[in-house]
Amino acid sequence: MQLYQKKILTENSYLNIYGLYDADLNGQQLAIVAGLCERRDVIARSEDESTGSILPNKVLIEIGNAVALS
């Protein structure tokens, strides 16, 4: 048996999201993505789920891109 250890959330953890660099987000958009990542992590830990099942990375980037439209 192996014990699964969840990744520790750091201030810059959101920078490791696959596809983030290709999304070409501005500072405001990155701040929103960072906040969503932090919130997603809190919910995932409380629900004992993976972060991807709470809010997939692709959706995080889509939300960041949508902010530019507002």
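**Exercise 1. Is aspartate 48 buried or exposed?** Place the residue, then examine its backbone.

Solution. The model is predicted.
- Step 1: aspartate 48 has a relative accessibility of 61%.
- Step 2: the cut-off for exposed is over 50%, so aspartate 48 counts as exposed.
- Step 3: locate the residue. Aspartate 48 lies in the loop between H2 and helix H3 (51–54).
- Step 4: read the backbone. Phi of aspartate 48 is positive, about 55 degrees, although the residue is not a glycine.
- Step 5: set this against the general rule. Most residues other than glycine have a negative phi.
- Step 6: look along the chain. Lysine 6 is 42 residues away from aspartate 48 in sequence, yet their C-alpha atoms are separated by 9.8 Å.

**Exercise 2. Describe aspartate 24 in the same way.**

Solution.
- Step 1: aspartate 24 sits in the loop between H1 and H2.
- Step 2: its relative accessible area is 69%, so aspartate 24 is exposed.
- Step 3: phi of aspartate 24 is near 55 degrees, a positive value in a residue other than glycine.

**Exercise 3. Summarise the overall fold and dimensions.**

Solution.
- Step 1: count the elements. The protein has four helices and zero strands.
- Step 2: write their order. From the N terminus on, it reads α-α-α-α.
- Step 3: take the extent. The C-alpha trace spans about 45 × 20 × 20 Å along its principal axes.
- Step 4: take the surface. The accessible surface comes to about 5,500 Å², and carbon and sulfur atoms hold 53% of that.
- Step 5: take the burial. Of the 70 residues in the protein, 23% are buried.
- Step 6: check the contact range. Consider contacts between residues at least 6 apart in sequence; 57% of them join residues at least 24 apart.

**Exercise 4. Which residues make up the largest nonpolar core?** Trace them to their elements.

Solution.
- Step 1: list the members. The core holds ten residues: Tyr14, Ile17, Leu20, Ala23, Leu25, Val33, Cys37, Leu55, Leu60 and Ile61.
- Step 2: assign them. Helix H1 (20–23), helix H2 (27–47) and helix H4 (57–69) are the elements that give two or more residues to this core.
- Step 3: follow one member outward. Alanine 23 is in contact with Ile61 and Asn65, once neighbours within four places in sequence are set aside.

**Exercise 5. How many salt bridges does a search of the whole structure find?** Work out the setting of the partners.

Solution.
- Step 1: the search finds one salt bridge.
- Step 2: name the pair. Arginine 45 bridges to aspartate 41, with the closest N and O atoms 2.8 Å apart.
- Step 3: apply the cut-off. A salt bridge needs the nitrogen within 4 Å of the carboxyl oxygen.
- Step 4: explain the spacing. Arginine 45 and aspartate 41 are four residues apart in helix H2, so about one helical turn separates them.
- Step 5: compare exposure. Arginine 45 is partly exposed at 37% relative accessible area, whereas aspartate 41 is buried at 11%.
- Step 6: view the charges overall. The protein has 6 positive and 9 negative side chains, and the centres of the two sets lie 4 Å apart.

**Exercise 6. Which side chain of opposite charge is nearest to arginine 40?** Examine the surroundings too.

Solution.
- Step 1: arginine 40 is found in helix H2.
- Step 2: its relative accessible area is 8%, so arginine 40 is buried.
- Step 3: find the nearest opposite charge. That is aspartate 41, 7.0 Å away, and arginine 40 has no salt bridge.
- Step 4: list the contacts. Not counting residues up to four places away in sequence, arginine 40 touches Thr51, Ile54, Leu55, Pro56, Asn57 and Leu60.
- Step 5: take one partner. Proline 56 is 16 residues from arginine 40 in sequence, and their C-alpha atoms are 9.5 Å apart.

**Exercise 7. Where is isoleucine 32 placed?** Add its accessibility and one distance.

Solution.
- Step 1: isoleucine 32 belongs to helix H2.
- Step 2: its relative accessibility is 30%, so isoleucine 32 counts as partly exposed.
- Step 3: take the distance to glycine 52, 20 residues apart from isoleucine 32 along the chain. Their C-alpha atoms, those of isoleucine 32 and glycine 52, are separated by 17 Å.

Definitions and conventions: Residues are numbered from 1 along each chain as its sequence is written. This is a predicted model: local features need pLDDT of at least 70, side-chain atom pairs count only at pLDDT 80 or more; totals for chains, interfaces and linings use all residues. Side-chain values use heavy atoms; hydrogens and water are left out. A nonpolar core is a set of buried Ala, Val, Leu, Ile, Met, Phe, Trp, Tyr and Cys residues joined through side-chain atoms within 4.5 Å. Buried means under 20% relative accessible area, exposed over 50%, partly exposed in between (1.4 Å probe, protein chains only). Contact means heavy atoms within 4.5 Å. Accessible areas come from the Shrake-Rupley method with a 1.4 Å probe; for residues, only the protein chains shown count as cover. Lys and Arg count as positive and Asp and Glu as negative; His and the chain ends are not counted. The place of a charge is taken as NZ of Lys, CZ of Arg, CG of Asp or CD of Glu.
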